[in-house]
Amino acid sequence: MLKIGNKTFQSHFLLGTGKFKTLDIQKKAVEASGAEILTFAVRRMNIFKPDQPNFLEQLDLKKYTLLPNTAGSKTAEEAIRTARLAKASGLCDMIKVEIVGDDQTLLPDPFETLKACKVLLNEGFTVLPYVSDDLVLAQRLERVGVHAIMPGASPIGSGQGILNPVQLQMLTETVHVPVIVDAGIGSPADTALAMSLGAQGILLNSAVSRAKDPVKMARAMKLAIEAGRLGFEAGRIPRKAVAVPSSPTEGMSAIDQ
Amino acid sequence: MTVVLNGQSLDLPDYVRTIGSLLTHFHLEKKMIVIEKNGRIVEKPRYAEESVKGGDRIEIVHFVGGG
């Protein structure tokens, strides 16, 4: 079970809704993922083409919790404005604070992110900041009251996986709000690793939407999340430098010489 | 009357005097949208009475796919 703010979810999978080839594939992928939280971006509407298909309008909104993002923002002010617009839809009070500080790497700006989180928390939002895997920043954010920490595993859309598992584990062992790995996941193996290091959720988009078979990949990710989580809860064995036999070393039936 | 709608300067017919009639004009009444006028969000219950005047800067946004 994943608890974010005052909401609980059975699924630990948060799925992005960008870059799917067709709405049909997207619908099937969402179904296969079992995700209960879906992310969206807020953008200007093309008022001259109001009938362009929109995924959100085809969703059963009773089944899903919407997590709009502030993607495209470079300052706290821009992110706060986008968050307010999203909330005014009346569809959600969660916000993924995403403030990019560097256009090349799309890495988040920690200072603007902290600033935006403080304001949005005061306004009653459920706040999930996208951040680097920096422990001290995560602690600062936790202290101001964010509802989850969402560290990137590697740059957005890169599919490079967990670049720093040690840092990720330190994060999950230190902060008390859910750590949701957001960005950089490429394969189900990455997902399982993140979950087995104590992450409580995975937010991904491209790894599913750009896969050769997005529907199958959505299911693979779902299973990897479950496997990783179970593995974490079960507790892995400690690593040892030498071999330890699994079979008894005594009682061997010997060949008579 | 000319307004700036989603960053674009647009001439609107005379019957567009409120946000409500603006939405009717563009066939957006049933869309899941959020409206901002001159930097301030217009809540849905106010659409019918919120005026639209020449020079207003209006933003109409919605949710699109994103991660």
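Tutor: Let's start with a rule: a charge sits over a ring if NZ of Lys or CZ of Arg is within 6 Å of the ring centre and within 35 degrees of the ring normal. This model is predicted, so local features need pLDDT of at least 70 and side-chain atom pairs count only at pLDDT 80 or more. Residues are numbered from 1 along each chain, and side-chain values use heavy atoms.

Student: Which ring does the charged end of A:Lys87 sit over?

Tutor: Use the rule we began with. The charged end of A:Lys87 is 4.4 Å from the centre of its ring partner, and that partner is A:Phe125.

Student: How many aromatic pairs does the structure hold?

Tutor: Rings of Phe, Tyr and Trp (its six-membered ring) pair if their centres lie within 6.5 Å. Counting over all chains, the aromatic pairs come to three.

Student: Is the pair of A:Phe40 and B:Phe63 stacked, edge-to-face or tilted?

Tutor: Planes under 30 degrees apart count as stacked, over 60 as edge-to-face and the rest as tilted. These two rings are 6.0 Å centre to centre with 45° between the planes, making the pair tilted.

Student: And what about A:Phe48 and B:Phe26, stacked, edge-to-face or tilted?

Tutor: Here the centres are 5.9 Å apart. The planes are at 80°, and the pair is edge-to-face.

Student: Is B:Phe26 buried or exposed?

Tutor: Buried means under 20% relative accessible area, exposed over 50%, partly exposed in between (1.4 Å probe, protein chains only). A:Phe48, at 48%, is partly exposed. B:Phe26 has 9% relative accessibility, so B:Phe26 counts as buried.

Key. Chains lettered and ligands numbered in written order.
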